[in-house]
Amino acid sequence: MSEIDAADALVISTDPLHPANLIPELCASFYRLGWVTGTGGGICIRTGDKVYIAPSGVQKERIEPGHIFVLPYPQPSSPSPHTDRIFLRRPKLNLKESACTPLFWNAFEQRDAGSCIHTHSQNAVMATLLWEGDMFEISHQMIKGVRKGGNGPTLSYLDTLKVPIIANTPNEEDLKDSMAEAMEKHPDAAAILVRRHGIYVWGDDWQKAKTQTECLDYLFEIAVKMKLAGIPTVLNDQ
């Protein structure tokens, strides 16, 4: 088998749960939800010593397994705008790996995540606009699908969910340091909101990351409605 064939074999599988098949399916699903329109957003899945990442600048509902990048994990140095990345496989098309890659690595290195999802959900963006500080908070809601730190024990109805909010930057990759700092400062955070931009959510695997992304989006939507209706999102008698 040639070197090119060996590389392409990393994204060829009849298993529907193979990351190269899952990523296109999940991206299409997120597109239908309005989370990744206009080629925005992204997802990665880590399985053992390999990371599968969606491409940048591709219509998310039309991604194919052959578009997926594969990187070894760990890398010699943490990916950033200023470091070279090692690839096990690049698509034959002239594509670039997701600009979210350094931020996905934050989830791997700081939370030992198996998957990280980035969306441009309008509910998440509205939450960052209505909560003027650096923290979104809500209690007494459907938060049992969210785990402390993204992969710890699940929160209870009586807990207060807190999601840090960081400032946006002109270039996605430049969010790496501020996201890492927020994750270190708030070890129980299951996600990071980016003001006027979207959210990063992680989990032990793609199922848990997806579940938490869905739960958080529900919470942002209802919290925004509560806020606009003048209803407190956090009860004082906890």
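Is H140 buried or exposed? In this predicted model, H140 turns out to be buried, with a relative accessible area of 11%. That puts H140 under the 20% cut-off used for burial. H140 sits in the loop that links β7 (135-139) to β8 (160-166), and its backbone is a bit unusual too: phi is near 55 degrees, a positive value in a residue other than glycine. Most residues other than glycine have a negative phi, and most peptide bonds are trans.

Stepping back to the whole chain, the fold is built from six helices and 10 strands. The C-alpha trace spans about 65 × 35 × 35 Å along its principal axes. How does the radius of gyration of the protein chain, with its 238 residues, fit what a compact globule would have, and what is the value? The answer is 18 Å, which agrees with the value near 18 Å expected for a compact globule of 238 residues. Buried residues account for 51% of the 238 residues. Contacts reach well along the sequence: of those between residues at least 6 apart, 65% join residues at least 24 apart.

As for the outside, the accessible surface of the chain amounts to about 11200 Å², and carbon and sulfur atoms contribute 51% of that. The chain carries 23 positive and 29 negative charges, and the mean positions of the two sets are 3 Å apart.

Now to the annotated residues. An unreviewed UniProt entry lists H118, H120 and H197 under "binding site". These three span 80 residues in sequence, yet no two of their C-alpha atoms are more than 10.0 Å apart, so they gather at one spot. The "binding site" annotation of the unreviewed UniProt entry also covers C100.

H118 belongs to strand β6 (residues 115-119). With 0% relative accessibility, H118 counts as buried. Which residues does H118 contact, once its neighbours within four places in sequence are left aside? The set is V36, G41, G42, C100, F104, E172, H197, I199 and Y200, so two of the annotated residues, C100 and H197, are among the partners of H118. H197 is found in the loop between β9 (191-194) and β10 (198-203). With a relative accessible area of 12%, H197 is buried as well. Setting aside residues up to four places away in sequence, H197 touches H118, T119, H120, V125, N168, E172 and L175. H118 and H120, both listed with H197 in the UniProt record, therefore appear among the residues that H197 touches.

C100 lies in the loop between β5 (96-97) and α3. C100 counts as buried, at 3% relative accessibility. Its contacts, leaving aside neighbours within four places in sequence, are with H118, E172 and Y200. E172 also turns up among the contacts of H118 and among those of H197.

Helix α3 comes after that loop. How many of the 11 residues of helix α3 (residues 101-111) are buried? Nine of them are, so the helix is largely enclosed by the rest of the structure. The buried residues are T101, P102, L103, F104, W105, N106, A107, F108 and R111. One of these, F104, is in contact with H118.

What follows α3? The next residue is D112, which has a positive phi, near 55 degrees. D112 is a residue other than glycine and sits in the loop between α3 and β6. In contrast to the buried H140, D112 is exposed, with a relative accessible area of 53%.

Another backbone detail is found at P74. The peptide bond from Y73 to P74 is cis, with omega near 0 degrees, and P74 is placed in the loop between β4 (69-72) and β5.

Finally, there is the end of the chain to look at. P232 lies in the segment after α6 (206-228). At 53% relative accessibility, P232 counts as exposed. P232 and K208 are 24 residues apart along the chain, and their C-alpha atoms are separated by 29 Å.

Notes: Residues numbered from 1 in each chain as written. Predicted model: local features only at pLDDT ≥ 70, side-chain atom pairs only at ≥ 80, totals over all residues. Heavy atoms only, no water. Helix = DSSP H or I, 4+ residues; strand = E, 2+ residues; numbered from the N terminus. Rg over C-alpha atoms; globule rule 2.2 N^0.38 Å. Buried < 20%, exposed > 50% of the residue type's maximum accessible area, 1.4 Å probe, protein only. Contact = heavy atoms within 4.5 Å. Areas by Shrake-Rupley, 256 points an atom, 1.4 Å probe, with all protein chains shown as cover. Lys, Arg positive; Asp, Glu negative; His and termini not counted. Charge placed at Lys NZ, Arg CZ, Asp CG, Glu CD. UniProt positions renumbered as here; feature names shortened; annotations may be inferred.
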